[in-house]
Amino acid sequence: MVRETELSPDDFIYPIFVVEGRGVRRPIPSMPGILNLSIDQAVEEARHAKSAGIPAVILFGIPAHKDARATAAYDSQGVIPRAIQAIKEVLPDLQLVADVCLCEYTDHGHCGLIQGQEVHNDSTLPLLAQAAVAYARAGADIIAPSDMMDGRVAAIRKALDEARFESLPILSYAAKYASGFYGPFREAAQSTPQFGDRRGYQMDPANVREALKEVAQDLQEGADMVMVKPALAYLDVIRRVKEQVNVPVAAYNVSGEYSMVKAAAQNGWVDYDRVMLEILVAIKRAGADLILTYHALDAAKLLS
Ligand code: PBG
C-alpha cells in the first residue's frame, strides 16, 4: 500500500540478437541465458516476451559478412529488416525497436566510417539514416540510434520524414558512456573495435552535465524519448535527466551488469531473483520509465 515504486513487465524492453541461418540457437558464453538466434528462433523468443507481458523487444543484427562501410546495416534485405517482417507477421502488437548503429556491421568494429585512424562523423550520418529508413520500411515501431555520432538524430528524422515516416518515433541513446560494461555485448555482436576505442564518440563516465547537454541536443534534433546507458553506475544521471526533460526516459541495464549478476548467482554468492529485482526497481526509482534489460523474461515471470 505504501510502496513508492512499482515494477512491472510493462516497463521492459527485451534485447534480441539476430543472426543469419535457420534453427540457430547459439549461447553467448559471457551472457548465460542469452542466445544468438536466427530469424525463425528470434520469432519464438519474441513470442515468449509477448506472452510474459513484455510490450517491446529491441533487435540487434549480426550479419554474415562485415565490411568497412557496414553495407549489411542498411541493406533492405539485411538480417534486421527480415527479422522485423517475420516478427511483425506473427506478433503485430509487439513493439519492435530497431537499434541503429554500424558497429555490428563494420569489419573494424567502430560505430562509424573510418578515415585514417579516426571515426568520421559526418560521412557516417547518411548511412545511419539509410539504415533507419530500411528498418522503418520493414515495419519497425521505434528507431533507436546508438552510434553517438553528432547530428544523427536530425539526419535520421529528416530521412524518415522524407520517406513518409513522419510519425515514427526516435528513441535516442542520448547519454551513452564509454563503458567497460559493454564487454559481453561485444562478444555477442562480435563488435569489439579492432583498433583504438570508442572514447572519441562515447562519453566520459566522470561527466553528468555533458549528459544533460547531449540529451538537450538530441531533443532539439527531434528525439521523442531519450536513453541513459549503462544504468547501474549511472543512476544519478538517470535522475538528473528525468528532472530535466518531459519525454519518456529509458535506461539500458547493459550486458556487463547482467553478466555480473548471473556469474555471482552461478557461484552461489548472491540470490539471483532478489538481486535482479532490487537492481531493476532501483533503476525505475532513479527515474527510468523504460528499462532495456536482458533480465526481462526472468523478471516478468516473477512479477506476474
Ligand atoms: C552499439 C551498442 C552497444 C550496446 C548497444 N548498442 C555496444 C557498444 O557501444 O559497444 C551495448 C549494450 C550492452 O552492453 O548490453 N551498437
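**Notebook: helix packing, ligand site, backbone**

I looked up the handedness of the H1 and H2 crossing first and found that H1 crosses H2 in a right-handed sense. I note here that the model is a predicted one.

**Entry: H1 and H2**

I then took the geometry of this pair. Helix H1 covers residues 39-51 and helix H2 covers residues 79-90; their axes come within 9 Å and cross at roughly 45 degrees. That angle makes H1 oblique to H2, because angles under 35 degrees would count as roughly parallel and those from 65 to 115 as roughly perpendicular.

Which residues make the contact? On H1 I listed Ile-39, Ala-42, Val-43 and Ala-46. On H2 I listed Val-79, Arg-82, Ala-83, Ala-86, Ile-87 and Val-90. I sorted the residues of this contact by class and got nine nonpolar, no polar and one charged.

**Entry: H2 and H3**

I moved on to the pairing of H2 with helix H3, which spans residues 121-138. The two pack at an angle of about 20 degrees, and their axes are 8 Å apart. I therefore put H2 down as roughly parallel to H3, since the limit for that label is an angle under 35 degrees. The crossing of H2 with H3 is right-handed.

For the contact I wrote down Ile-80, Pro-81, Ile-84 and Gln-85 from H2. They meet Ala-134, Tyr-135 and Ala-138 of H3. By class, the residues of the H2 and H3 contact are six nonpolar, one polar and no charged.

**Entry: H6 and H7**

Next I checked helix H6, residues 209-221, against H7. I read an axis approach within 10 Å and a crossing at roughly 45 degrees. H6 and H7 are therefore oblique to each other. I recorded their crossing as right-handed.

In this contact H6 supplies Arg-209, Ala-211, Leu-212, Val-215 and Ala-216. H7 supplies Val-237, Arg-240, Val-241 and Gln-244. I counted the classes for the H6 and H7 contact as six nonpolar, one polar and two charged.

**Entry: ligand surroundings**

How many residues surround the ligand? I found 18, and the closest are Lys-176, Arg-186, Lys-229, Ser-255 and Tyr-294.

I then looked up polar side-chain distances to the ligand. Tyr-294 has a side-chain N or O atom 2.6 Å from an oxygen atom of the ligand. For Gln-202, I read 2.9 Å between a side-chain N or O atom and an oxygen atom of the ligand. For Ser-146 the partner is a nitrogen atom of the ligand, and a polar side-chain atom of Ser-146 lies 3.1 Å from that nitrogen.

**Entry: backbone**

I turned to the backbone at Lys-229, which I had listed among the closest residues to the ligand. Is the peptide bond from Lys-229 to Pro-230 cis or trans? I found it cis, with omega near -10 degrees. Pro-230 sits in the loop between strand S10 (225-229) and helix H7 (235-244).

I also looked up phi at Ala-70. Its phi is positive, about 55 degrees, although Ala-70 is not a glycine. Where is Ala-70 found? I placed Ala-70 in the loop between strand S4 (56-62) and H2.

Technical notes. Residues are numbered from 1 along each chain as its sequence is written. This is a predicted model: local features need pLDDT of at least 70, side-chain atom pairs count only at pLDDT 80 or more; totals for chains, interfaces and linings use all residues. Side-chain values use heavy atoms; hydrogens and water are left out. Axes are lines fitted to C-alpha atoms, for helices over the stretch in contact, and angles run from 0 to 180 degrees between N-to-C directions. Helices (H or I, at least four residues) and strands (E, at least two) are DSSP runs, numbered from the N terminus. Angles under 35 degrees count as roughly parallel, over 145 as roughly antiparallel, 65 to 115 as roughly perpendicular and the rest as oblique. A crossing is left-handed if the near helix is turned anticlockwise from the far one by less than a right angle, and right-handed if clockwise. Contact means heavy atoms within 4.5 Å. Ala, Val, Leu, Ile, Met, Phe, Trp, Tyr, Cys and Pro count as nonpolar, Asp, Glu, Lys and Arg as charged, and the others, Gly among them, as polar. A residue is near a molecule or strand if one of its heavy atoms lies within 4 Å of it. A polar contact is a pair of N or O atoms within 3.5 Å; within protein, one must be able to donate a hydrogen and the other to accept it, and residues adjacent in sequence count only if both atoms are side-chain atoms.
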